[in-house]
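Reader: Could you take me through one part of this structure up close? I'd like the surroundings of a single residue, then how they fit into the rest.

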Amino acid sequence: MATVDTAPAEPHAPPAQPRSCTPPVQRPPTAAVPEQPHSATLIGSVQRAMRLLETVAEHEYGAPAKQLARETALALPTAYHLLRTLVHEGYLRRDKGLFFLGEAAERLSSSGAQQKRRSTVADTLAHWRDSIGVPLYYAMYRDGEIEVMCVSDSPGTPAVEEWADFRETGHAHALGQCLLSQLDEDARRDHLDRYPVQSLTPYTVRDDHALLRRLDRMRRMETVVERQEYALGTVCAAIPITVGSAAATMAISLPSHQADRLLPAARQLETEVGRHLGALTLSITI
């Protein structure tokens, strides 16, 4: 990974007021981080939990753990662990050895479910923002667009100012690169046909071909780090999150003079995401 900053850093925008999850929020970029060994595990856990929920929903009269493990092609110990987690979080309930959808899952179809999910994400990001000491971003790739769903910052940890349309500059920030890395080749090319690479700083990738080569070298669920490609004086890291077929990411940013904190903070975020996947699996779809 390239070392940080040789270009003069631009002055930071004045501290932003704390922000909430009220999309659409046009927010700052995040960045690409080097691969972390647990990334694939985190993503796999989300996918396996979602498969279990979907399978339980197909059994009106419930199903035992062994049957659910078989139908989802999961090892029995893994299935037991995820089922216990989902029961604990209220997304499943267990009765006489059979698993059913729980109250939390049923609430997802209610009129207040969307606001509840947004609140869960906002509260969680605010907690991580304060514990890690960095601004947090959550974004998804939906209907061919990069959407920043939630930003959590504070006067002491201001988010990056969105000085260039975030949806159009996914090639330059970690959020965008992380989301594009989760797409197949056709979807990437479609995105670049609509939003071609443009130079934002001396560090921005030079053209579409260079970006596609970079994305091809990334493993699909690899953490991404970006250094001054979107905004001079800013470094970012983005952690991939896949929920079903949706590409999503959580990211952090720091001023470049604190670049030595970026990877430790990204690892801490990854650990926190791993600990709370059970509670966040259904919430992060907002």
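Author: Here is a close look at His171, followed by the cores and two backbone oddities.

Quick ground rules: this is a predicted model, where local features need pLDDT of at least 70 and side-chain atom pairs count only at pLDDT 80 or more, while totals for chains, interfaces and linings use all residues. Residues are numbered from 1 along each chain as its sequence is written, and side-chain values use heavy atoms, with hydrogens and water left out.

So, His171 sits in the loop between strand S4 (145–152) and helix H6 (174–181). Helices (H or I, at least four residues) and strands (E, at least two) are DSSP runs, numbered from the N terminus. His171 counts as buried because its relative accessibility is 2%; buried is under 20% relative accessible area, exposed over 50%, and partly exposed in between, with a 1.4 Å probe and protein chains only. Leaving out residues up to four places away in sequence, His171 touches Gln177, Pro196, Val197, Gln198, Thr204, Val205, Leu211 and Glu229, where a contact means heavy atoms within 4.5 Å.

One of those partners, Leu211, leads us to the largest nonpolar core. That core has 33 residues, and Leu211 is listed with Tyr137, Tyr141, Leu175 and Tyr230 as having the most contacts inside it. By nonpolar core I mean a set of buried Ala, Val, Leu, Ile, Met, Phe, Trp, Tyr and Cys residues joined through side-chain atoms within 4.5 Å. Two or more residues each come from strand S3 (136–142), S4, H6, helix H8 (208–217), strand S6 (234–243) and strand S7 (246–255). H6 is the top contributor, giving five residues. Another core, of 26 residues, lies apart from this one and includes Val121, Val134, Tyr138 and Val225.

Now for the backbone. Gln228 has a positive phi near 60° without being a glycine, and it lies in the loop between strand S5 (224–227) and S6. Gln228 counts as buried because its relative accessibility is 0%. Ala73, also not a glycine, has a positive phi of about 60°. Its place is the loop between helix H2 (65–71) and helix H3 (76–88), and Ala73 counts as exposed because its relative accessible area is 69%.

Zooming out, the protein has ten helices and seven strands. Of its 286 residues, 54% count as buried. Among contacts with a separation of 6 or more, 70% join residues 24 or more positions apart.
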